[in-house]
Amino acid sequence: MARISAGVATSHVPAIGAAIDNGRTAEAYWQPLFAGYEFSRRWIENARPDVVILVYNDHATAFSLDIVPTFAIGCASRFEPADEGWGPRPVPVVIGHPELASHIAQSVIQQDFDLTIVQKMDVDHGLTVPMSLMFGQRASWPVRVIPLAVNVVLYPPPSGRRCFELGKAIRRAVESFDEKLDVQIWGTGGMSHQLQGPRAGLINREWDNRWLDGLIAEPESVAGIPHVEYMREAGSEAVELVMWLIMRGALDQRVRTLHRFYHVPASNTAVGHVILENSP
Amino acid sequence: MALDKPYGNIPGTVIFDADQARLGYHLNQFCMSLMKAGNRARFKENERAYLDEWPMSEGQKEAVLARDYNRMIALGGNIYFLAKIFSTDGKSFQHAAALMTGMTQEDYAQMMLKGGRSPGEKR
């Protein structure tokens, strides 16, 4: 039987990817940020998951306004890093897990979550930056990845509650897969940031850390926070944080916090990162 | 019945909702076209002529030509789509963010280093 062993959450700021790709991680600006991931790199080297279900959002890359799926699961055997306007990032091709992905799709649709099934999808920084943060620079990724793209660009994104419940449904799906697999689920995006208009640059350190406390200890109550609170208190793009609730929903009610990190700034954004473990 | 828009009064913020997406559909799809190198070259060669290939409003075209991102957002642009324009110009997200706040990029970068814009600040 497959099981979800742990959840990882991290921001996915594009400038972090650029810093890695251009060999600038030791610079004074970036060093404190990458120091926050040293534990994580060692941990995942040991944990050796077989598959990561990677929850992220597409940033007008694979999906234009022609088609905007609320939840889209990548069921292909491979996903190319996207050209986001300055050429694709120099990172390995992402290898999927079509059998488990299709199994999850069929299972969660039967649990009333109507996922869009995608066979052809280039993956942008939302997916590849977390991979680089956790695994560093590699010739190939040491894990198979099931991309789960969530719309957080066109309002309204799915509610925090809906995301949390989807996480639970994904867990049930994984646990009904016959092959013995160690599966992690990652939630990405956030934390506070606003990239648009006269209020760009907004950061709310107190709100972010309160939200993190809640995510870990009282996820049921955090799932009830309405979109407008994210946008008003933590910036219009902070609503990406609903994606972390999919990760949290797939974990035990009580989890072990293996790592927690918070840093301002990465370009325009507050970076948050946690690793949460299910009981064995 | 009108849609509930509890986000209508967030200072300095336009939420990209169904109404904005309808208004900005062609503007945003023009932006998407800039993900192809050939289109970027044609746009740079003659911006006005390239824009005229799209059924955008005159106001939207003028805002693009002036790189007035706040105006583009008011007219239905979304920042992730508009990013294709400043990427084509070889500019960063931080450049665009500074521009929208009316700060120099240097002052904006300093503000971020000091912890970002405070949530209590009135804009």
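A crossing of two helices is called right-handed if the near helix is turned clockwise from the far one by less than a right angle. With that term in place, good morning. The structure I present today is a predicted model, and I shall begin with the pair of helices to which the term applies.

The helices are α6(A) and α10(A), and α6(A) passes α10(A) in a right-handed crossing. Which residues make this contact? On the side of α6(A) they are G160(A), C163(A), F164(A), E165(A), L166(A), G167(A) and K168(A). On the side of α10(A) they are V242(A), M243(A), L245(A), I246(A), M247(A), R248(A) and G249(A). By character, the residues of this contact divide into 8 nonpolar, 3 polar and 3 charged. The axes of α6(A) and α10(A), the latter covering residues 242-249, are 6 Å apart and make an angle of about 30°. Angles under 35 degrees count as roughly parallel, and therefore α6(A) and α10(A) are described as roughly parallel to each other.

A second pair of helices in chain A provides a contrasting case. Helix α1, residues 14-21, packs with helix α5, residues 125-135, at an angle of about 50°, and their axes are 9 Å apart. That angle makes α1(A) oblique to α5(A). The crossing of α1(A) with α5(A) is left-handed. Here P14(A), I16(A), G17(A) and I20(A) of α1(A) meet H125(A), T128(A), V129(A), S132(A) and L133(A) of α5(A). The residues of this contact comprise 5 nonpolar and 4 polar, with no charged ones.

I turn now to the sheet. In chain A, 8 strands form an open sheet, and their order is β6-β3-β7-β2-β8-β1-β10-β9, with mixed pairing. Which strands stand at the edges? They are β6 and β9 of chain A, each of which pairs on one side only. On average, neighbouring strands of the sheet are turned by 20° against each other, direction ignored. As general background, strands of a sheet pair through backbone hydrogen bonds, either parallel or antiparallel.

Let us look at two of these pairings. Strand β3(A), residues 71-74, pairs with β7(A) in the antiparallel sense over 3 bridges. Within that pair, F71(A) stands opposite V150(A) of β7(A). Both helices of our opening pair also meet the sheet. Helix α6(A) packs on the sheet and touches β1, β2, β3 and β8 of chain A, and its direction makes about 145° with that of β1(A). Helix α10(A) lies across β1, β2, β7 and β8 of chain A and runs at about 160° to β8(A).

The second pairing is that of β9(A) with β10(A), which is antiparallel and has 8 bridges. T257(A) stands opposite L276(A) of β10(A). The two strands form a hairpin with 2 residues between them, and in this hairpin S267(A) takes a positive phi near 60°.

That value leads to the backbone. In general, most residues other than glycine have a negative phi, and most peptide bonds are trans. S267(A), in the loop between β9 and β10 of chain A, is therefore worth pointing out, as is D112(A), whose phi is near 80° although it is not a glycine. D112(A) sits in the loop between α4 and β6 of chain A. Are these two residues buried or exposed? S267(A) counts as buried because it has 21 C-beta neighbours inside 10 Å, and the cut-off for buried is 20 or more. D112(A) counts as exposed because it has 9 such neighbours, and the cut-off for exposed is 12 or fewer.

There are also cis peptide bonds to report. One runs from Y155(A) to P156(A), with omega near 0°, and P156(A) belongs to the loop between β7 and α6 of chain A. Another runs from V264(A) to P265(A), with omega near -5°. P265(A) lies in strand β9, residues 256-266, of chain A.

Finally, I come to the interface. How many residues of chain A are in contact with chain B? There are 31, and they touch 41 residues of chain B. The elements giving two or more residues to this side of chain A are α9 and β9. The largest share, 4 residues, comes from α9(A). This side of chain A divides into 15 nonpolar, 11 polar and 5 charged residues. Strand β9(A) thus appears both as an edge strand of the sheet and among the elements that face chain B. Thank you for your attention.

How values were computed. Residues numbered from 1 in each chain as written. Chains lettered and ligands numbered in written order. Predicted model: local features only at pLDDT ≥ 70, side-chain atom pairs only at ≥ 80, totals over all residues. Axes fitted to C-alpha atoms, helices over the stretch in contact; angles between N-to-C directions. Parallel < 35°, antiparallel > 145°, perpendicular 65-115°, else oblique. Contact = placed C-beta atoms within 7 Å. Nonpolar A, V, L, I, M, F, W, Y, C, P; charged D, E, K, R; others polar. Pairing = 2+ DSSP bridges.
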